[in-house]
Amino acid sequence: CNNSGDSNEDGNLNVLDVVGTVAYILGNGSLTDGGQCEADSNGDGLLNVLDVVQTVNTILGNGRSADATSIMINKSANEVSFDANGYVGAIQMTLSHGDDFSINLTDNALVADYNTDGNKTTIIVVNPETTDLFAATGTFAIEEVLASSDGSNYINVEMNMPISYTISDAYPNPFNPTTSIDIALDTDANVSVKVFNIMGQLVDVVSEGNLTAGTHSVIWDASQISSGVYFVNTEVGSETNVQKIMLVK
């Protein structure tokens with residue numbers, strides 16, 4: 001084995017080898033034992049984005065812009081893109097999501113492929129020509145990102161994931177003795193739900209802590225609270241939502 005990148009062992013190094021290696025990493029294809037060894041371009045015993053990038057760089061040569069040293073992954077409600085300070089050879093990303101998830105990868109790349117197993121999807125985008133990586137439907141979270149420019153080292157990755165959320169009106173309202181609100185998040189976020197009286201005094205902490213992406217129902221049980229007007233203060237990240245509720249017994 002020469003760790004040449006020639007994953008299909010045909011004696012030529014080209015896009016077929018890149019596609020074969022990507023498919024094997026994602027679980028969409030197979031390689032012979034010899035092909036796996038050749039695909040391991042850096043000879044570290046692992047097959048991942050580093051090997052893909054090293055093979056691509058061998059094919060393309062050195063006629064490209066300077067390598068990126070950092071990359072920012074930008075996530076909105078249904079799209080993911082990136083910004084980098086130089087050339088990015090490939091990006092490998094693992095997503096978690098619900099059953100309603102679907103993905104549309106960019107066409108502007110040497111290779112772009114993905115594999116979904118249950119509620120996990122792994123994508124690889126090789127030699128992206130634009131900063132757009134994919135669009136998706138359904139709620140999803142980014143669990144891991146690996147990126148490389150030279151095939152020898154990983155690029156430092158930062159995440160820019162503005163929180164998109166919706167908060168339902170409390171229902172029922174007026175209520176006795178329980179009411180609930182639904183909080184839908186497009187990414188994991190720190191959420192606090194507190195109830196105050198009309199004097200601004202804290203009455204109850206209904207929920208506080210990190211919530212995962214998805215929809216959560218928060219219920220306030222006011223069985224031990226006297227009738228009156230109260231305010232539900234919901235904080236998602238650094239943003240606050242306040243709504244008035246009425247307890248009638």
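The loop between strand E10 (165–167) and strand E11 (178–185) contains Pro174, and in this predicted model the peptide bond that leads from Asn173 into Pro174 is cis, with omega near 5 degrees. Pro177 also lies in the loop between E10 and E11, and the bond that joins Asn176 to Pro177 is again a cis peptide bond, for which omega is about -5 degrees.

Unusual backbone geometry is also found at two asparagines. Asn3, which is found in the segment before helix H1, has a positive phi of about 50 degrees although it is not a glycine. Asn127, which lies in strand E6 (residues 120–128), likewise has a positive phi in a residue other than glycine, with a value near 50 degrees. The surroundings of these two residues fall into separate classes of accessibility: Asn3 has a relative accessible area of 28% and is therefore partly exposed, since this value lies between the limits of 20% and 50%, whereas Asn127, at 16%, is under the 20% limit and so counts as buried.

Helix H1 comprises residues 15–26, and its dimensions agree with expectation: at 1.5 Å a residue, its twelve residues should span 16 Å, and the end C-alpha atoms are 17 Å apart. Within H1, the buried residues are Asp17, Val18, Gly20, Thr21, Val22, Ala23 and Leu26. The cover over these buried residues of H1 includes helix H2 (33–39) and helix H3 (49–60), together with the strands E5 and E6. An α-helix has 3.6 residues a turn, so residues three or four places apart point the same way.

H1 also contributes to the surface of the model. A nonpolar patch, with about 300 Å² of accessible area together, is formed by Val15, Leu16, Val19 and Leu110, and H1 gives the most to this patch, with three residues. Leu110, also a member of the patch, is found in strand E5 (residues 109–117). The relative accessible area of Leu110 is 35%, which makes this residue partly exposed, and because membership of a patch requires over 30% relative accessible area, Leu110 meets that condition. Strand E5 thus appears in two settings, as a part of what covers the buried residues of H1 and as the strand that holds Leu110.

Further along the chain, strands E12, E15 and E16 are linked by antiparallel pairing. Strand E12 (residues 189–197) and strand E15 (residues 228–236) run antiparallel and are joined by seven bridges, with Val195 standing opposite Val232 of E15. E15 in turn pairs with strand E16 (residues 239–247), in the antiparallel sense and over nine bridges; here Glu235 has Thr240, in E16, as its bridge partner.

The hairpin of E15 and E16 has two residues between the strands, and in this hairpin Gly237 takes a positive phi near 65 degrees. Ser238 is likewise found in the loop between E15 and E16, and its relative accessibility of 76% exceeds the 50% limit, so that Ser238 counts as exposed. The C-alpha atoms of Ser238 and Asn190 are separated by 8.9 Å, although the two residues are 48 residues apart along the chain.

Technical notes. Residues numbered from 1 in each chain as written. Predicted model: local features only at pLDDT ≥ 70, side-chain atom pairs only at ≥ 80, totals over all residues. Heavy atoms only, no water. Pairing = 2+ DSSP bridges. Helix = DSSP H or I, 4+ residues; strand = E, 2+ residues; numbered from the N terminus. Patch = residues over 30% accessible without salt bridge, like charges linked within 9 Å, V, L, I, M, F, W, Y side chains within 5 Å. Areas by Shrake-Rupley, 256 points an atom, 1.4 Å probe, with all protein chains shown as cover. Salt bridge = Lys/Arg side-chain N within 4 Å of Asp/Glu carboxyl O. Buried < 20%, exposed > 50% of the residue type's maximum accessible area, 1.4 Å probe, protein only. Expected span 1.5 Å × (residues − 1). Contact = heavy atoms within 4.5 Å.
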